[in-house]
Amino acid sequence: MSLSSVQYIFREAFKSLRRNVLISLASTGTMAITLLVAGIFFLILVNTQNIVSNLESDIEISVSLKDGLSSQAIDDVGKKIKSIPGVAEVRFISKDQALADLKKKLGRREIFEAMGGQNPLPHVYRVKVENPHQVGNVAAKIEKLPGIEKVNYGREIVERLFAITRWLRLIGYVLMTLLALATLFLVGTTIRLAFFARRKEIQIMKFIGATNWFIRWPFLVEGIVIGLVGSLLAAGLLAAAYFSLLNYVYNSPYLAFIPLRDDRQFLILLFSATVASGIVLGALGSIISLRRYLKV
């Protein structure tokens, strides 16, 4: 492509943007809002997943042993638990240690006096699994071992946690897909209006031998400019809002425990992806909208 052709393409693209300034601004604003909302939903999804992952890492199985087991039998149970596929860590808590921890936590003497000097607590193994989604299967296998009194891992809470994660992920993906389709439609509408304003000129160009791509390039550049400007606005607003949120959360004595994603590599990738998405959506909107109009 010659320099004069490139100059023509950019001159026509910016001429069209000026000619349809209100529509172009509306499309740019819509692009910015769409990508901003998509970015917000993505950050909600990522941070929710991060919080859930931290909660999942704390999931453990509590294995209560039967009373009267010998030290050798208790050790054998621990070895059998460790041999189960998927088990990452096994920690033993004796009944004496459990009682001492309970006394320290509650600090109420009358409760222990009511026990009559007896320790009703069992020996316990605390078990962590490699994959939180394996906790149910591992717990079922532990229940079958001899010497086990009770196995507990908060089944209802764990299953509810997994269900919430699945639904949040699904809702986030659906919303981002719908927003992307809406953006394609709006950018495509802008390009179609610009094409319609120049339809006679384009028909003449077709009749004298201009290729479809030569005609398409100014509109493609127009869509890319709309996408670029809109995505830069979205990325800037998203960055300002998210860094303000991080600063507020980390400086709050009540919210500082929330594990938000703050690694620089992730944030740079997110904001770069926002800009790239705007450019791609702008270009796709142009290409899709012109397909049937170039058939003369």
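## A salt bridge between D263 and R261

Let's start with D263, which is partly exposed, with a relative accessible area of 32%. Its partner is R261, and the two side chains meet in a salt bridge (3.1 Å, N to O). R261 counts as partly exposed too, at 25% relative accessibility. "Partly exposed" is the middle class here: buried means under 20% and exposed means over 50%, so values of 32% and 25% fall in between.

One thing to keep in mind as you look around: this is a predicted model.

## The overall layout

How many helices and strands does the protein have? Its secondary structure comes to ten helices and four strands. Walk along the sequence and you'll meet them in the pattern α-α-β-α-β-α-α-β-α-β-α-α-α-α.

The protein has 296 residues, and buried ones make up 38% of them. Now take the contacts with a sequence separation of 6 or more: 83% of those involve residues 24 or more positions apart.

## Strands side by side

β3 (124-129) is a good place to look for strand pairing. It runs antiparallel to β1 (61-65), and four bridges join the two. In this pairing, V63 has Y125 in β3 as its bridge partner.

β3 also pairs with β2 (87-93), again antiparallel, through six bridges. Here V87 stands opposite V129 in β3.

Here is a general point for anyone tracing side chains in this region: in a regular strand, the side chains alternate between the two faces of the sheet.

## What fills the core

The largest nonpolar core holds 24 residues. Which of them touch the most other members? Those are I61, V63, I81, Y125, V127, I142 and I148. V63 and Y125, the bridge partners from β1 and β3, are both on that list.

Plenty of elements chip in. β1, β2, β3 and β4 (148-152) each supply at least two residues of this core, and so do the helices α3 (71-82), α6 (135-143) and α7 (155-197). The largest share comes from α6, with four residues.

To see how this core is knitted together, try clicking on I142. Leaving aside its neighbours within four places in sequence, I142 is in contact with I61, V63, I81, I84, V127, I148 and V151.

Apart from this core lies another one, of twelve residues. Its members include L238, L260, F266 and L270.

## A network around E60

How many salt bridges are there? The count comes to three. You've already met the one between D263 and R261. Elsewhere, E60, R91 and R126 are linked in a network of salt bridges.

First, the side chains of R91 and E60 meet at 4.0 Å, N to O. R91 lies in strand β2 and E60 in the loop between α2 (21-57) and β1, so this pair ties together parts that are 31 residues apart in sequence. R91 is partly exposed at 38% relative accessibility, and E60 is partly exposed at 23%.

Then there's R126, whose side chain also meets that of E60 in a salt bridge (4.0 Å, N to O). R126 sits in strand β3 while E60 is in the loop between α2 and β1, so this link spans parts that are 66 residues apart in sequence. Like its partner, R126 is partly exposed, with a relative accessible area of 28%.

## Empty spaces: a pocket and a cavity

Rolling a probe the size of a water molecule over the atoms shows where empty space is left. The largest pocket has a volume of about 280 Å³. It is lined by 16 residues, and L35, A38, G39, M176 and S277 lie nearest its centre. Helices α2, α7 and α10 (264-290) each supply at least two residues of the lining. Which helix gives the most? That's α10, with seven residues.

There is also one cavity of 30 Å³ or more. About 40 Å³ of space lies in the largest cavity, and its lining is made by L45, T48, Q49, V52, T165 and L168. α2 and α7 each supply at least two of those lining residues, with α2 giving the most, at four. So α2 and α7 turn up in the linings of both the largest pocket and the largest cavity.

Definitions and conventions: Residues are numbered from 1 along each chain as its sequence is written. This is a predicted model: local features need pLDDT of at least 70, side-chain atom pairs count only at pLDDT 80 or more; totals for chains, interfaces and linings use all residues. Side-chain values use heavy atoms; hydrogens and water are left out. A nonpolar core is a set of buried Ala, Val, Leu, Ile, Met, Phe, Trp, Tyr and Cys residues joined through side-chain atoms within 4.5 Å. Buried means under 20% relative accessible area, exposed over 50%, partly exposed in between (1.4 Å probe, protein chains only). Contact means heavy atoms within 4.5 Å. Two strands pair if DSSP finds at least two bridges between them. On a 1 Å grid over the protein atoms alone, a cavity is a set of points where a 1.4 Å probe fits but cannot get out, and a pocket is an open set with protein on both sides within 12 Å along at least five of seven lines; lining residues have an atom within 4 Å of a point. Grid points are joined across faces, edges and corners, and a volume is the space filled by probe spheres set on the points.
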